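Trainee: Got a minute? I'd like to walk through a structure with you and ask some basic questions.

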Protein chains: 2
Amino acid sequence: MTLEQQFLDYVKKIGAYNEALGVLYWDMRTGAPKKGIDQRSEVVGVLATDVFNLSTSDELKQLLDELEPTIDSANNVTKRVFEEVKKQYELSKKIPADEYKKFVIMQSKSESVWEEAKSKNDWGMFKPYLTEMVETLKKFVTYWGVKDGNPYNVLLDQYEPGMTTEVLDTVFGDLRNRIVPLLKKISESPNQPKTDFLFKHFDKKQQEAFSLDILKQLGYDFEAGRLDETVHPFATGLNRGDVRITTKYDESDFRSAVFGTIHECGHAIYEQNVGEELTGTPLSGGASMGIHESQSLFYENFVGRNPKFWEQNYGKLQSYSPEQFGDVAMEDFLRAINEVKPSLIRIEADELTYALHIMIRYEIEKGLFNGDLKVEELPEIWNAKYEEYLGVRPETNAEGILQDVHWAGASFGYFPSYALGYMYASQFKSAMLKDIPNFDELFEKGDLSPIKDWLTKNVHQYGALKKPLEILKDTTGEGLNGNYLADYLEEKYTKLYQL
Amino acid sequence: MTLEQQFLDYVKKIGAYNEALGVLYWDMRTGAPKKGIDQRSEVVGVLATDVFNLSTSDELKQLLDELEPTIDSANNVTKRVFEEVKKQYELSKKIPADEYKKFVIMQSKSESVWEEAKSKNDWGMFKPYLTEMVETLKKFVTYWGVKDGNPYNVLLDQYEPGMTTEVLDTVFGDLRNRIVPLLKKISESPNQPKTDFLFKHFDKKQQEAFSLDILKQLGYDFEAGRLDETVHPFATGLNRGDVRITTKYDESDFRSAVFGTIHECGHAIYEQNVGEELTGTPLSGGASMGIHESQSLFYENFVGRNPKFWEQNYGKLQSYSPEQFGDVAMEDFLRAINEVKPSLIRIEADELTYALHIMIRYEIEKGLFNGDLKVEELPEIWNAKYEEYLGVRPETNAEGILQDVHWAGASFGYFPSYALGYMYASQFKSAMLKDIPNFDELFEKGDLSPIKDWLTKNVHQYGALKKPLEILKDTTGEGLNGNYLADYLEEKYTKLYQL
């Protein structure tokens, strides 16, 4: 066996443990019995320790060292795998093994406790777990090494390579400068949509049937995936032949399931279409969190909120919930689902205010890691920021500090990717229009495959073979540019609200 | 850390991989997307190799060797764990690691292929996999070492310690001598039950609701389990807090789901009630396959086919499928569900003919391992034996040679345990009646917990802490005795058919 093959086999073994862990996590979130969770967390701890040990072993170090001198002559996949594994090795090697194992067990329990705490609106139940997550990660950041006194940049870089608070402060500032006046004009507009019909009863089973129908239209491959129900929707790519989606059915607000499903479908289609040669390697999960989010948001906003999409689907929607929509004109429906309204729940937020939800989380994370913000202050800080940025204040912690799973799983530094995803998606849309000028006509023809094919050709197939900015540059000809998003929002909402 | 603690930690690590594998298997059977299976099989291979490597490592050998001199002073749990692990070590050590890994990957694929082959009635699709399973296991048996020229005994012993073809030939012979004349009398009786109503349409969702209701009555703990649908029903104990059941809904024969669910519930209640101190050890899975089966059959036959049970549940059943049962008197229903009728499908067989299904499989397995039976001859042999023993002949391989999952998973030697389970169960029932003489009244009171409590006290709690015959002796005062089963069958069916 060549050294290169030995290295790839070794890496795919790590991939196998990660895939097993993925199934265990999916299972814990979709319906594993409560009484088995403690013992299951031990099992997760054992496998995660294996991943950690394999990722930090002397054997891996030796493989990396031996491969390095000739890596430039290897093929492109091997080269990028080498680069990623080496980066991960250097990150992981700095964490003591026993601390990592303890962290992983606690992380898994924390996610379970969060689910229960959210359903019981019990912040006190979750607080000690969150505290432990933050403290542990702070310690890890010191192990990884802090540059320029900015610990939070260490975390940002793990989700979006090269991202810093300096860039984000600027981009978010500019974006807020365009969103806030637009939001003000909208709120003062006399042309507010009627939305009462959105909140009428929509049977869960009917929502599920409609969601499945939409997934088929978007090109989600059901032989390589499945749809389940969870408290918080997610997509998980176990391997390219098994990329699962979950959604949340709210019988008093169908938008949660429909737009949630479309969003997760965007993530899933990405991983279903990653190049087969990347299977089992760390390149199969996508280029970055921001690029991943650009795919989900592309589908959610440019497909799911597109009037042309609803021209084909509104009749169906009416038949799945006739009492709700039978008397509602499509025009009114479209204005309602595109309503701009400051709200409490991120995943239910409109396109325009969404970024403000992200900015709040970003500032809290920055405060926790770069400032002197304490976990016990979070519910109050959260509520105060919502009041300041969005003009709404959560009445319960379940719709406030407890709403997202991310912090329960110690995913700090992840949230900003969502906002980056909006910007990337807008840039991709603009580039796609050059290749597919008749974009809107695809909906009339009832064949959306050119959209998926374009995204697969330009984004999906590469997985993490290319870096985020490389994909952006190759596809759009330029770097990160927030103006496409701002222009899109201004144009769309000026028209919708007749500003 | 003491040596004993080190040893137990080591063993529990093996348990963790087995639990992860259990979740992966459950997932593959209950709905994992088809296109992900090949890669998932690789993952299973990696984890199974870990189990194998840990179970055969020098480190384990050293722990066993160092612990052995003082093991008699250890507590009972540690002593039995030691004994089991040592036995398993000696078995596994004899298989070359690469052959074992190849076997496990093939085994996992084989079970998937079997599922598809059965649904397509395609024996040719499954044949190469079964051939490979048999050939591999034959080779393994030579590694393990054959005594007295009887390779099949090596396999029997792994499911039911001490069991031999000599014992089985005798016990099965005696049982057949009592079943066959009884069967003849029954088939000649003019008092045949009406059964046409059994096969009317029973909605799947309603069957599920009724199954869930029954599970609650039997004492299945839903916080430590869940019910799903599969082609072939099974129970899987991942840990005592997570023991899952699956069942099969046949809309033209509700018995498959109802009695299948009750059967698997018996298995599941066993593992939900194993002593907590056995968690993560190889003792948590029960004493033997035969004892396990005695628990499922106890529930299926002494609870689920008990007239008193139906006095409480028949009204409910009628309400779940009113058009089917509205006009059927309970007396007729009871006679119908206890109909004795030679049939093709083992899991749908009645109590009386069930053992004949087992004897056919036993003889085929014995022929494959001790004789010169070839895999390609199996469909014909199977069909011929069904004709000879039961007087019925399968028309398709799906209802013949392809009907059970066991051989797809290389579980040869397992089937006889089912018949042993019948005998053990009858012995337990007889012993239970001494402690709970008012057994039948429990149903009238609507509280079946004394049954579960008795079984937990005498059987469940011990897991594999006691050996099968020890449990039997301690509980019933005697050894294996097939007469209890034969007496029960003669008494019950003489009355039912007014012989």
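Mentor: Sure, let's take the sheet, then some salt bridges, then a few odd spots. Keep in mind that this is a predicted model.

Trainee: Okay, the sheet in chain B. In what order do the three strands sit?

Mentor: The order is β1-β3-β2, in an open sheet with mixed pairing. The edges are β1 (227-229) and β2 (235-239) of chain B, each of which pairs on one side only.

Trainee: And what holds strands together in general?

Mentor: Backbone hydrogen bonds, with the strands either parallel or antiparallel.

Trainee: So which way do β1(B) and β3 of chain B run, parallel or antiparallel?

Mentor: Those two run parallel, joined by three bridges, with β3 covering residues 242-247. If you want a spot to click on, B:Asp228 is opposite B:Thr246 in β3(B).

Trainee: What about β2(B) and β3(B), parallel or antiparallel?

Mentor: Antiparallel, with four bridges between them. B:Thr236 has B:Arg244 in β3(B) as its bridge partner. β2(B) and β3(B) also make a hairpin, with two residues between them.

Trainee: How much are neighbouring strands turned against each other?

Mentor: By 25° on average, ignoring direction.

Trainee: Which helix lies across β2 and β3 of chain B?

Mentor: That's α10 of chain B, residues 255-272, and it runs at about 165° to β3(B).

Trainee: Switching topic: how many salt bridges are there over all chains?

Mentor: The count is 71. Try A:Lys184 and A:Glu188, whose side chains meet with N to O at 3.0 Å. Both are in helix α8 of chain A (residues 165-188), four residues apart, about one turn of the helix.

Trainee: Are A:Lys184 and A:Glu188 buried or exposed?

Mentor: Both of them are exposed.

Trainee: Got one in chain B too?

Mentor: Yes, B:Lys308 and B:Glu311 form a salt bridge at 3.8 Å, N to O. They are three residues apart in helix α12 of chain B (residues 307-320), so about one helical turn separates them. B:Lys308 counts as partly exposed because its relative accessibility is 23%, and B:Glu311 does so at 42%.

Trainee: What does B:Glu380 pair with?

Mentor: B:Glu380 makes a salt bridge with B:Arg393, and their closest N and O atoms are 3.1 Å apart. B:Glu380 is in helix α16 (residues 378-390) of chain B, while B:Arg393 is in the loop between α16 and α17 (416-435), so the pair ties together parts 13 residues apart in sequence.

Trainee: Which residues are linked with A:Glu19 in a network of salt bridges?

Mentor: A:Asp242, A:Arg244, B:Asp27 and B:Arg40.

Trainee: Now the odd spots. What is unusual about the phi of B:Asn121?

Mentor: B:Asn121 has a positive phi, about 55°, and it isn't a glycine. Most residues other than glycine have a negative phi. You'll find B:Asn121 in the loop between α5 (97-120) and α6 (123-144) of chain B.

Trainee: What about B:Gln498, where is that?

Mentor: In the segment after α21 (483-496) of chain B. Its phi is positive as well, near 45°. B:Gln498 counts as exposed because its relative accessible area is 54%, and the cut-off for exposed is over 50%.

Trainee: Last one: which residues make the nonpolar surface patch of about 220 Å²?

Mentor: A:Val167, A:Leu469 and A:Leu480. A:Leu469 is in helix α20 of chain A, residues 468-476, and is partly exposed at 48% relative accessibility.

Methods
Residues are numbered from 1 along each chain as its sequence is written. Chains are lettered from A and ligands numbered from 1 in the order in which they are written. This is a predicted model: local features need pLDDT of at least 70, side-chain atom pairs count only at pLDDT 80 or more; totals for chains, interfaces and linings use all residues. Side-chain values use heavy atoms; hydrogens and water are left out. Two strands pair if DSSP finds at least two bridges between them. Axes are lines fitted to C-alpha atoms, for helices over the stretch in contact, and angles run from 0 to 180 degrees between N-to-C directions. Contact means heavy atoms within 4.5 Å. Patches are made of residues with over 30% relative accessible area and no salt bridge: like charges are joined within 9 Å, nonpolar side chains (Val, Leu, Ile, Met, Phe, Trp, Tyr) within 5 Å. Accessible areas come from the Shrake-Rupley method with a 1.4 Å probe; for residues, only the protein chains shown count as cover. A salt bridge is a side-chain nitrogen of Lys or Arg within 4 Å of a carboxyl oxygen of Asp or Glu. Buried means under 20% relative accessible area, exposed over 50%, partly exposed in between (1.4 Å probe, protein chains only).
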